[in-house]
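Student: Please take me through one part of this protein slowly, as you would at the bench with a colleague. I would like to see how its pieces fit together.

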Amino acid sequence: FFAHNTTFIHIKNTLTKKLLEVPQFRKRYRELLEEFLDSLFTIENLKPKIFTLTESIRPYLLLNDSEQYEQFDQEKNIILTFITQRARYLKSQLLTL
């Protein structure tokens with residue numbers, strides 16, 4: 001628990017834990033994370049990059065096993081689902097900061 005707040009945040013990194021005990025750093029950390037989640041870590045931002053990368057890798061699957069195409073093509077959706085779920089989780093955790 002933090003002395004200035006009754007919120008519990010599970011942090012493994014000692015430096016991060018110490019920094020978040022300082023109200024100004026804690027506030028700035030939250031602001032930066034919110035900005036990151038609203039701008040860079042979004043489906044809109046990452047989807048084109050994911051599709052470009054997977055399409056650049058896809059032709060090389062034929063060299064190994066053409067049956068891998070179907071499974072590989074599903075990976076894009078798995079990654080996008082992860083991004084959505086992770087962003088939702090992180091935003092919910094920001095409420096505790």
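At what angle do helix H2 (residues 23-39) and helix H5 (residues 68-94) pack, and how far apart are their axes?

Tutor: Happy to! This is a predicted model, with local features needing pLDDT of at least 70 and side-chain atom pairs pLDDT 80 or more, while totals for chains, interfaces and linings use all residues. Residues are numbered from 1 along each chain, and side-chain values use heavy atoms, without hydrogens or water.

To your question: H2 and H5 pack at an angle of about 155°, and their axes are 11 Å apart (lines fitted to C-alpha atoms over the stretch in contact, with angles from 0 to 180 degrees between N-to-C directions). That angle makes H2 roughly antiparallel to H5 (over 145 degrees). On the H2 side, the residues that meet H5 are Arg30, Leu33, Glu34, Leu37 and Asp38. Their partners in H5 are Ala87, Leu90, Lys91 and Leu94 (contact means heavy atoms within 4.5 Å). Sorted by type, the residues of this contact are five nonpolar, no polar and four charged (Ala, Val, Leu, Ile, Met, Phe, Trp, Tyr, Cys and Pro are nonpolar; Asp, Glu, Lys and Arg charged; the others, Gly among them, polar).

H5 also packs with helix H3 (residues 43-57): here the axes come within 10 Å and cross at roughly 160°. H3 and H5 are therefore roughly antiparallel to each other as well. From H3, the contact takes in Ile43, Leu46, Lys47, Ile50, Phe51, Thr54, Glu55 and Ile57. From H5, Phe72, Lys76, Ile79, Leu80, Ile83 and Thr84 take part. In this contact, nine residues are nonpolar, two polar and three charged.

Ile83 is a good residue to zoom in on. This isoleucine lies in helix H5 and is buried, with a relative accessible area of 6% (buried is under 20%, exposed over 50%, partly exposed in between; 1.4 Å probe, protein chains only). Leaving aside residues up to four places away in sequence, Ile83 touches Phe41, Thr42, Ile43, Leu46 and Ile50. With Ile43, the C-alpha to C-alpha distance is 7.0 Å, although the two are 40 residues apart in sequence.

One of those neighbours, Phe41, is itself buried, with a relative accessible area of 16%. Its ring pairs with that of Phe36: the centres are 5.7 Å apart and the planes lie at 20°, so the pair is stacked (centres within 6.5 Å, planes under 30 degrees apart). A search of the whole structure finds one aromatic pair. Phe36 counts as partly exposed, at 35% relative accessibility.

Follow the chain past H5 and you find Leu97 in the segment after that helix. Leu97 counts as buried, at 17% relative accessibility. The C-alpha atoms of Leu97 and Leu20 are separated by 8.8 Å, with their positions 77 residues apart along the chain.

Now step back to the whole protein. There are five helices and zero strands (DSSP runs, numbered from the N terminus: H or I of at least four residues, E of at least two). Read along the sequence, the pattern is α-α-α-α-α. Of the 97 residues, 24% count as buried. Among contacts between residues at least 6 apart in sequence, 49% join residues at least 24 apart.

Methods. Angles under 35 degrees count as roughly parallel, over 145 as roughly antiparallel, 65 to 115 as roughly perpendicular and the rest as oblique. Rings of Phe, Tyr and Trp (its six-membered ring) pair if their centres lie within 6.5 Å; planes under 30 degrees apart count as stacked, over 60 as edge-to-face and the rest as tilted.
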